[in-house]
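Some descriptive labels rest on a value and a cut-off. The exchange below asks how such labels are earned in the model that follows.

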Amino acid sequence: MQSELHILALPKLRVSHAKAAQKINETSHYETLFLMFPRGIEEPVKTLAEGLPYEYVISEIRRKRLIPEPFKAWEYYAEPILKMLYETKKQNPNLNIYCYGSTAYENISTETATKIAVLTLRVLATGKVDVKRWKEVLIEELKFSLEASEEEAEFVLSVAKRYRRNLCISSLSGKKLKDKVAEEKEGKIRVKLEYVNVPYQLTPLETLKNELLKELKGETLLTDEVVEKIVRCHVDYVKKYILLSSNPDDAYFRWVSRESKKLEDIVGKDKTVFSG
């Protein structure tokens, strides 16, 4: 039996998650659905798909601290997919749902976000950028990210082999999963990678992480001057858009239309636009 794995990769935008939710609901022939949520919430997610009220399930996830605070920040992106699951399961009762995200990395990622918020406030207060500390914090998270990606890919691969048609919702790093599947020696899985809302303009922080990841792999070397300039773009993004917008998507799209060119001028358009 040859299995098929359809990877739907999307940026961290609520509008992208809403599009993914619609695609999930339009496809009733899949046997499995892999969601990029931490594995620790798989059971609550399954009960949600079976018909338990959304607010009850969400309150239980929060009460049991299965997702680290700030919980609302996570729910903002996850909600469109979570709310679509009952309708999807109703149309496809035999659908098997798996959450494949690393719980440990979810915690590390949240801790990193807190550290970055503190560093951002320091720049706003002092006007100075501690380049060394910014790099330390982000590189530490990137190392965990690489380990988590490997673990997540192995999990998806091990389960997908048992079914013929699989759908996996992924971040923009979906190509890593595709490459992992391609390494499968038995060649039992045929994989398709599809992007949502791509080309996608990377935020300053996403751009900095990408460049540091290349440095971590020995592909390039970032100067302190470039790191500082990207950090200042991030601080401006937070100050002028995140803090003054009604939601993260609104902040992002306003920034793209008004100031993303500044980031392109620092590192080049090819490094600030993800095209797949």
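Q: Where is the place of Y163?
A: In this predicted model, Y163 sits in the loop that runs between α6 and β4.

Q: Why is Y163 called buried?
A: The relative accessible area of Y163 is 13%, and the label applies under 20%, so Y163 counts as buried.

Q: Which residues does Y163 touch, not counting residues up to four places away in sequence?
A: Taking contact as heavy atoms within 4.5 Å, Y163 touches M1, S3, E31, T32, N96 and Y98. In addition, the C-alpha atoms of Y163 and E4 are 8.1 Å apart in space, although 159 residues separate Y163 and E4 in sequence.

Q: Why is G276 called exposed?
A: G276, which is found in the segment after β7 (273-274), has a relative accessible area of 58%; exposed means over 50%, and G276 therefore receives that label.

Q: With which residues is G276 in contact, leaving aside its neighbours within four places in sequence?
A: With that restriction, G276 is in contact with Y195 and V198. The C-alpha atoms of G276 and E194 are separated by 8.9 Å, while the two residues are 82 apart along the chain.

Q: How many disulfides does a search of the whole structure find, and what rules out a bond between C99 and C168?
A: The search finds zero disulfides. The closest cysteine sulfur to that of C99 is in C168, at 11 Å, whereas a disulfide requires a pair of cysteine sulfur atoms within 2.5 Å, so the two are too far apart for a bond.

Q: What makes C99 and C233 count as buried?
A: The cut-off for buried is under 20% relative accessible area. C99 has a relative accessibility of 0% and therefore counts as buried, and C233, at 14%, likewise counts as buried.

Q: How do you know that the buried residues of α7 line one face of the helix?
A: The buried residues of α7 (residues 174-182) are G174, L177, K180 and V181. Viewed down the axis of α7, these buried residues fall within an arc of 115 degrees, and so they line one face. An α-helix has 3.6 residues a turn, so residues three or four places apart point the same way.

Q: Against which elements do the buried residues of α7 pack?
A: They pack against the strands β1 (3-9), β4 (165-170) and β5 (189-195), and against the helix α6 (131-160).

Q: What makes the buried side of α3 one face of the helix?
A: In α3, the buried residues are Y54, V57, I58, E60 and I61. Seen down the axis of α3, they fall within an arc of 160 degrees, so they line one face of the helix. What covers these buried residues includes α2 (42-50) and α4, while the face turned away from the buried side carries the exposed residues E55 and R63.

Q: What phi does R65 take just after α3, and why is R65 called exposed?
A: R65 takes a positive phi of about 55 degrees, although R65 is not a glycine, and R65 lies in the loop between α3 and α4. Its relative accessibility is 73%, and the label exposed applies over 50%, so R65 counts as exposed.

Q: Why is N197 called partly exposed?
A: N197 has a relative accessibility of 26%, and partly exposed covers values between the 20% and 50% limits, so N197 falls in that class. N197 is placed in the loop between β5 and β6 and has a positive phi of about 55 degrees although it is not a glycine.

Q: Which peptide bond joins V198 and P199, and what is the bond from E69 to P70?
A: V198 and P199 are joined by a cis peptide bond, with omega about 10 degrees, and P199 is found in the loop between β5 and β6 (200-201). The bond from E69 to P70 is cis, with omega near 0 degrees, and P70 is in the loop between α3 (54-63) and α4 (71-91).

Q: At what angle do α9 and α10 pack, and which residues meet there?
A: Helix α9 (residues 224-242) and helix α10 (residues 248-258) pack at about 115 degrees, with their axes 9 Å apart, and their crossing is right-handed. Y237, K240, Y241 and I242 in α9 meet A251, Y252, R254, W255 and R258 in α10; the residues of this contact divide into six nonpolar, no polar and three charged.

Definitions and conventions: Residues are numbered from 1 along each chain as its sequence is written. This is a predicted model: local features need pLDDT of at least 70, side-chain atom pairs count only at pLDDT 80 or more; totals for chains, interfaces and linings use all residues. Side-chain values use heavy atoms; hydrogens and water are left out. Buried means under 20% relative accessible area, exposed over 50%, partly exposed in between (1.4 Å probe, protein chains only). Helices (H or I, at least four residues) and strands (E, at least two) are DSSP runs, numbered from the N terminus. The arc is that of the directions from the helix axis to the C-beta atoms. Axes are lines fitted to C-alpha atoms, for helices over the stretch in contact, and angles run from 0 to 180 degrees between N-to-C directions. A crossing is left-handed if the near helix is turned anticlockwise from the far one by less than a right angle, and right-handed if clockwise. Ala, Val, Leu, Ile, Met, Phe, Trp, Tyr, Cys and Pro count as nonpolar, Asp, Glu, Lys and Arg as charged, and the others, Gly among them, as polar.
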